[in-house]
Amino acid sequence: MLSLLGANTIRSATLARFRPPTLYLGRHQFRPANPPVAGAHNIKTYAAAQHVRWCATVPVIKKMAAALRALAVLLWVAVAYPVVFRARPVQALAANWGTRVLHPLPGDITVRLLRDNGFDKVKLFEADPNALRALGHSGIQVMLGLPNELLASVAASVNAAEQWVIQNVSTYVSKYGVDIRYVAVGNEPFLKSYKGKFEAATLPAVQNVQAALVKAGLARQVHVTVPLNADVYESGDGRPSSGDFRPDIAGLMVSLVRFILDNGGVLTINIYPFLSLDADPNFPVDYAYFPSPGAPPSQASVQDGGVLYTNVFDANYDTLIAALEKHGLGAIPVVVGEIGWPTDGDKNANVANAQRFNQGLFDRIVAGKGTPRRPRMPDVYVFALLDEDNKSVDPGNFERHWGVFNYDGSPKYPLRLANGRSIVPAKGVRYLSKQWCVLRPDASATDPAIAGAVGYSCEYSDCTSLGAGSSCGNLDARANVSYAFNQFFQAANQQKAACKFNNLSVVTTTNPSQGTCRFEIMIDTGHHELTGKSPSAAPRVASSSSSWSAVLLLGLVGLTTLVVW
């Protein structure tokens, strides 16, 4: 901020050594022209003349000073605006961009999708080359994940941390212009279900990554964080003000947060109201959502002193804040690394519920409304941007359906953003041919070979939408088989050999979709309309699913064996 102190100060002239008046504005000095010259008749005469000139100059200088003060105020506002007015209603959003997909939406199209919908921050779970290159010079800030699988090696060796930073941070910052702001070391490493597997390695890994960032000269731009699951803290009586860290990791949490705070980082927490509802059949449904304006609070609302918590997000987040404050760590910024609602794969995962939750979330983000303990809304990374049909389903079939958008960038449901504008679909997407693999009309749904064929299809493709309560859960037996066949056919890029199941299947050009069940046609990852990102985007995209192609090749070999058998 430019200082206004002394803007009108005029230094006095002395008879011994006359100095013309100097106008001060911060570090900038402006001196009147024509200082005394050698050979002046005498000092008094010169000083008198200068006084006359100065009196004539004063009005001009006063006008200059007023103009400069106004300029300084404008400059101060321009510099301070993002900080001072951080609590203002916002128009930008943040999202998780997962890349565990069989046919990835091309990177340049995904970046265009983010920008068209007002997302200015994105979190990547790993250093995916296609995603990072596409994000170069995009104006989108990046939180880059270092996977749990690398924690042990990075914790054991500073050199390993340095090499990771060079390959995945320095290179993309300097060579591609990626605006990386955070390295997320691990992902929920203290999760109870991991049974302590990553606890010993997490803090040393964070320390080594920080040292590597310092060595690379990036520590002022890139900071460390650790995305944590909400199970790292708890409240004995259910009130947020009673929050504290889980006893078995309390010491570790204090050390970790203190290190992150001392090095200018943020703490990242993942909060999932959906999982609270999914895990407990008695969980009050209304408490999982943000209350609508004017609606009565949920009967499950929690009274905590003078504060009434009307939804689980506020209560959960403030429980963490209370835990931090108990240990003298209340100064650390806390961002929400993951929050959202899936649309399929579970009875509670549907379009209506997802729209209700995410609209409430987006309204809060746009309004800048935080929680009782943190009134300003933190950065919130919506989970997720797109569906991921190749993710693990260990948590549940819903795990592949968290996207606000479908796999191809088409909106799943209407969402209202800032100024009432709606989300818009991805542009320039190209698809495979309009053809589907289905059960032959003359084939019997009770054919003994069908069970094996369906099981095989779903092993190599995504059939999670067929589960009870899911979008395709009400299909009859024939349509159920057709859905499985088509999923494999599309995953295999519609190769003819992928629609040969003991003469049980046939390719059709009639769309078999029905009701809420959508029979997909996959993205053609080899051909798409570029969005002007760079001429080299196409070959990068074409190679993005090469590893999955190898898996499908093995699958097709197996299918041939199945047909022969």
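Begin by selecting Lys123 and Glu338, which form a salt bridge whose closest N and O atoms are 3.7 Å apart. This pair links distant parts of the chain, since Lys123 sits in strand S4 and Glu338 in strand S14, 215 residues apart. Both ends are enclosed: Lys123 is buried, and so is Glu338. Bear in mind throughout the tour that this is a predicted model.

**Colour by confidence**

Before going further, colour the chain by pLDDT, for which the mean is 84, with 77% of the residues reaching 70 or more. Over residues 1–58 the pLDDT is below 50, and this stretch has 60 contacts in the model beyond near neighbours in sequence. A second stretch to mark is residues 530–550, where pLDDT stays under 50 and the model has 35 contacts beyond four places in sequence.

**The open sheet**

Now show the strands as a cartoon and find the open sheet of nine strands, which has the order S7-S6-S5-S4-S3-S15-S14-S11-S8 and parallel pairing. Which strands lie at the edges? They are strand S7 (223–225) and strand S8 (227–229), each of which pairs on one side only. If you look along the sheet, neighbouring strands are turned against each other by 30° on average, direction ignored.

Select strand S6 (residues 179–185) next, which pairs with S7 in the parallel sense over three bridges. Along this pairing, Tyr182 has His223 of S7 as its bridge partner, and Val183 stands opposite Val224, also in S7. Turning to another partner of S6, strand S5 (residues 141–146) runs parallel to S6 and is joined to S6 by six bridges; here Leu146 stands opposite Val185 of S6. Because five of its seven residues are buried, S6 is largely enclosed by the rest of the structure.

**Helices on the sheet**

Add helix H2 (residues 107–116) to the view, which lies across strand S3 (93–97) and strand S4 (119–124) and runs at about 155° to S3. Helix H9 also packs on the sheet, touching strand S11 (267–270) and strand S14 (334–339), and its direction makes about 140° with that of S14.

**The nonpolar cores**

In soluble globular proteins, nonpolar side chains tend to be buried together. To see this part of the model, show the side chains of Val169, Leu324 and Leu361, which touch the most other members of the largest nonpolar core, a set of 140 residues. Helix H9 (residues 312–326) provides the largest share of this core, namely eight residues. Centre the view on Leu361 and ask which residues, leaving aside its neighbours within four places in sequence, are in contact with Leu361. They are Phe290, Ile339, Met377, Val380 and Val382. Apart from the largest core lies another core, of seven residues, including Ala94, Met143, Val266 and Val335.

**A buried loop residue**

Move on to Phe283, which is found in the loop between helix H8 (273–279) and strand S12 (302–304). Is Phe283 buried or exposed? Its relative accessible area is 16%, so Phe283 counts as buried, the cut-off being under 20%. Beyond its neighbours within four places in sequence, Phe283 is in contact with Ser276, Leu277, Ala288 and Val312. If you draw a distance from the C-alpha atom of Phe283 to that of Ala300, 17 residues apart along the chain, the separation is 8.9 Å.

**Further charged pairs**

The tour ends where it began, with charged pairs, of which the structure holds 23 salt bridges. Select Lys412 and Asp387, which form a salt bridge with the closest N and O atoms 2.6 Å apart. Both residues lie in the loop between strand S15 (380–382) and strand S16 (436–439), so the pair ties together parts that are 25 residues apart in sequence. Lys412 is buried, with a relative accessible area of 14%, and Asp387 is buried as well, at 12%.

Next, select Arg518 and Glu520, a salt bridge in which the closest N and O atoms are 3.0 Å apart. Here Arg518 is partly exposed, with a relative accessible area of 34%, whereas Glu520 is buried, with a relative accessible area of 14%. As a last selection, take Glu199, Asp231, Arg246 and Asp248, which are linked in a network of salt bridges.

Technical notes. Residues are numbered from 1 along each chain as its sequence is written. This is a predicted model: local features need pLDDT of at least 70, side-chain atom pairs count only at pLDDT 80 or more; totals for chains, interfaces and linings use all residues. Side-chain values use heavy atoms; hydrogens and water are left out. A nonpolar core is a set of buried Ala, Val, Leu, Ile, Met, Phe, Trp, Tyr and Cys residues joined through side-chain atoms within 4.5 Å. Buried means under 20% relative accessible area, exposed over 50%, partly exposed in between (1.4 Å probe, protein chains only). Helices (H or I, at least four residues) and strands (E, at least two) are DSSP runs, numbered from the N terminus. Contact means heavy atoms within 4.5 Å. pLDDT is the predictor's confidence in each residue, from 0 to 100. Two strands pair if DSSP finds at least two bridges between them. Axes are lines fitted to C-alpha atoms, for helices over the stretch in contact, and angles run from 0 to 180 degrees between N-to-C directions. A salt bridge is a side-chain nitrogen of Lys or Arg within 4 Å of a carboxyl oxygen of Asp or Glu.
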